[in-house]
Amino acid sequence: MDAREFDVIIIGGGITGAGTQRDCAMRGLRTLLIERSDIATGATGRNHGMLHSGARYAVSDPESAAECIRENRILRQIAAHCIEETDGLFVTLPEDDPHYQATFVDACRRAGIRAEVIDPAQARRLEPSVNPALTGAVRVPDGAVDPFRLCAANMLDAKIRGGQVRLHVDVTGFIREGDALVGVHTRNRLTGEKVDYFAPVIVNAAGIWGHGIAALAGVDIKMYPAKGALLIFAHRVNQMVINRCRMPSNADILAPGDTVCIVGTTSTRIPYKNLFNVAVTPEEVDLLITEGAKLAPSLASTRILRAFAGVRPLVSADDDPTGRSISRGIVCLDHEERDGLKGFITITGGKLMTYRLMAERATDLVCRKLGVDKPCTTATTPLPGSEERSYEAVAQRIWEAPSTAQKAAASRLGTDAARLRDDRAGTALVCECEEVSVSEIDNAIERLDVSTLTDLRRRTRVGMGTCQGGFCACRAAGMLARAHGDTDKARKDLRNFMTERWKGNFPIGWGDTLREAEYTQWVYKHVLGL
Amino acid sequence: MRFDTVIIGGGLAGLTAGISLQEAGRSTAIVSTGQNALHFFSGSFESLEEAPERIVGLFARAGIPLHYSPGVRLMPLGTFRPAALSLDDVSLLDQPKFARKVLIVNFQDYQDFFSSFLADGLRHQGIACRIVTPGHLADPSMRVRAGELRSVQIARTMDKFWEKAVQEIRILLKDEDAVILPQVFGLEDPTIPGRIRAGIPARVIFVGTLPPSVPGTRTQRLLKRRYEALGGTYLAGDKVLQARVEGGRVRNVTTRNLGGHILEADHFILATGGYFSKGLKSNPFRVYEPVFGLDVRQEADRSKWYDADFQAEQPYMAFGVETDAALHPLRDGQPLGNLYAVGSVLGATRPELGSGAGLALRSALAAVDQILSPLDL
């Protein structure tokens, strides 16, 4: 077989593309995934990292809510090492409509979401950080999910099953035969290498960039790029997810994740040309702090680590140029049926929470086109690393007396942590903030398609802690330089990485963040000589 | 307690001022929180282009040899920067192509010294490089200790075993005419770098590591020791909580550790540093000076504090306390007549005073001169 021929090509390395590749690979298809940047660089990695129960959508979008709770239960089983079971609260504050709670609880129950009304005093005992002025609370099965880990685990599983992944590769055009797409022209963004790949079915899973991919194929999809800004706080003030019990609005979710917590979001339509450079404005920062502090008052005095924004791939219904009838549901387009273009599918809309279901729908359609008759098994097959539920048990089985760094590694890699070396050199820490060891970096470079420091960060959490790369970025750059044998590239990469970190720091640059920034900028310039 | 001068801040600027005043027979106290920029000192005094005998002498009496020779120095990531006045263990080079072939020696598993970046930078200059990381360079106890190998940890071991390291480097050396070593020698004893140079039959260049800086930590210790030997009162780990200002002059300050005792003086020097040392603090609305509430030169609009380019000159770094020409800081537009602001609390750079360590030394000495001048009341 020619190494450039596949059964299906998937465009997009976010969670939808990764999930689709895994599903296709599990049904025996030869798969290729192409991503223009790195895994999880779009909306996948730019959200609350929240395992929604669906409660947020129960009143406004009952169908999405029901999908959410079903997928919530499935992910707890198949992606245990990416998930923390925290539960969530929907709190009513004095300024909120007191009658909304009853509507909300009723809608949750209809969608199949456990929603338990508890009294405010009990809510404060369960979650001491919550605004003590709350007048009502409902407990729901929300949780936390690490989207980078989830995305990497899906892709890793596809690779274990023979799938191929090309990162930092642009699709520059499609190859047509009559009224069918049969392949793609590509160009590697790092090396400039141009390669053509062929497959009878091509899946567009490029999120908000799917608009551009479809345009390359001569197909029009109306999308509605909606920017959402978020803030990451340097400490985890809350154990449970805290939501406002009202119609979804700005900055009404505070989600915990690992050692931090995230408040968001806003929602603003942006033009397509701004997709590659989404900046957070001072007004958005101020709004997020003010509204966030209503959920948990201590946020007002907690150090902010970063500001960031993502773009939701919302889709307008066909023939609605105004973009008013926006759906947050799953959109799976068969372009043969819709536009008379064979061999092309777009899977978009949806949410991080429903990626698996999106992948299932897209893969069902792929299989139908290829005449393959195999059922979907992704709902019952654990992802690599998720075979055990408790990371502490995993760490214990691997190391007997695991260090905190080894426990951290087990929490990130699950059972895959058994691959890490535990000699002196391997256990040395590269990143003290997040306790990432030399061998964990080696493992990522070896198995998880790492080209740049930013790629490495998404897979290991290097540079995500309070120092924001001040110390660990140089160390990790040294390791990448050795692994790839290209120091010049590593030095440029280090510069890009620090610029990318700074981009998320300066919108919230005051207090300890500014203090850390002064230190880092002085050291890189005057001490290290970058 | 009463002194001639009370200095707030125990970093390079505060210690330089304290030593100079003690040498002139004045009684002083330094209040130091313990965090200062000497812990990430590069070893070179930026923006001191002239050969300042006064500074060289002051440091020599503290047991810190300085040398002056305008040229370039090799930076940890393999680049070159101009440098003139430096600590003895910084090698000042005539030109970037300073050797034909170099041997780069690192400690095994030490990640804070960037041999491959150095080698790459040198190859661009046409210098051939060989990197070695001998497993048995140091004390065996260092080898078995798991986890983190950092500069000060290695330096402590090397204070005992540096002679053994020299022997091993002599064996490793082939036809190279220069040897590059990480700056992890002489944490206590400033003569060790010189003795290592004498012991190796090739030019020895010490290159910086990730902080903490071993030469910077040593400089801090020796300056503090010199200051105390001169009779200065160094209040370590203490912090000024409150200052009393009357009639445009500072009367006294209260610290955390001295309980009810106040520190009174004729003169006060504010040497509290920049953001890192907490001499300048900030909130979403402004940058402020926390001890006296002095006027701070700044942009009112927060979006103008930053340049989106990480490597560009950052506007916030130039913010600092406003002073008159005599370094008396302003409060509500009026100078405080017996207070002097020195070092990074003035901002990272000031015309006439330079930046970084150069700014610290120049401004500290300027304040000292005024305090010692009979015209200063």
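This tour moves from the whole of chain B to its contact with chain A, and then to selected strands and one loop.

**Overall view**

The model is predicted, and the predictor assigns the complex an ipTM of 0.92 and a pTM of 0.85. Select chain B and colour by confidence: the mean pLDDT is 91, and 95% of the residues of chain B reach 70 or more.

With chain B still selected, switch to a cartoon. Nine helices and 21 strands make up its secondary structure. Along the principal axes, the C-alpha atoms of chain B fill a box of roughly 70 × 45 × 40 Å. The radius of gyration of chain B is 22 Å, which agrees with the value near 21 Å for a compact globule because the chain has 377 residues. Of these 377 residues, 51% count as buried. If contacts within chain B are displayed for residues at least 6 apart in sequence, 67% of them join residues at least 24 apart.

**Where chain B meets chain A**

Next, show both chains and select the residues in contact across them. On the side of chain B there are 40 residues, and they are in contact with 37 residues of chain A. Two elements of chain B, α3 (115-124) and α8 (315-318), give two or more residues to this side. Of the elements, α3(B) gives the most, with three residues. Colour the chain B side by residue class: 19 residues are nonpolar, 13 are polar and eight are charged.

**Strand β12 of chain B and its partners**

Now select residues 262-270 of chain B, which form strand β12, together with residues 2-8, which form strand β1. The two strands run parallel and are joined by six bridges. One place to centre the view is Ile8(B), whose bridge partner in β12(B) is Leu270(B).

Keep Leu270(B) in view and add residues 339-341 of chain B, strand β19. This strand also runs parallel to β12(B), and three bridges join the pair. Within β19(B), Ala341(B) stands opposite Leu270(B).

Add residues 249-255 of chain B, strand β11, whose pairing with β12(B) is antiparallel and comprises three bridges. Asn252(B) can be selected here, as its bridge partner in β12(B) is Glu264(B). β11(B) and β12(B) form a hairpin, with six residues between the strands. In the turn, select Gly259(B), which has a positive phi of about 60 degrees.

**An open sheet in chain A**

Move to chain A and display strands β3, β8 and β4, which form an open sheet in the order β3-β8-β4 with antiparallel pairing. The edge strands, each paired on one side only, are β3 (50-51) and β4 (83-84) of chain A. Select β4(A) with residues 143-145 of chain A, strand β8: two bridges link them in the antiparallel sense. Glu84(A) has Ala144(A) in β8(A) as its bridge partner.

**A loop residue in chain A**

Finally, select Gly192(A), placed in the loop between β11 (180-188) and β12 (194-198) of chain A. Is Gly192(A) buried or exposed? Gly192(A) counts as exposed because its C-beta neighbours inside 10 Å number 7, and the cut-off for exposed is 12 or fewer. To end the tour, draw a distance from the C-alpha atom of Gly192(A) to that of Val169(A): the separation is 9.0 Å, for residues that are 23 residues apart along the chain.

Notes:
Residues are numbered from 1 along each chain as its sequence is written. Chains are lettered from A and ligands numbered from 1 in the order in which they are written. This is a predicted model: local features need pLDDT of at least 70, side-chain atom pairs count only at pLDDT 80 or more; totals for chains, interfaces and linings use all residues. Two residues are in contact if their C-beta atoms, placed from the backbone, lie within 7 Å. Helices (H or I, at least four residues) and strands (E, at least two) are DSSP runs, numbered from the N terminus. Ala, Val, Leu, Ile, Met, Phe, Trp, Tyr, Cys and Pro count as nonpolar, Asp, Glu, Lys and Arg as charged, and the others, Gly among them, as polar. The radius of gyration is taken over C-alpha atoms; the globule rule is 2.2 Å times the number of residues to the power 0.38. A residue is buried if 20 or more other C-beta atoms lie within 10 Å of its own, exposed if 12 or fewer, and partly exposed in between; C-beta atoms are placed from the backbone. pLDDT is the predictor's confidence in each residue, from 0 to 100. Two strands pair if DSSP finds at least two bridges between them.
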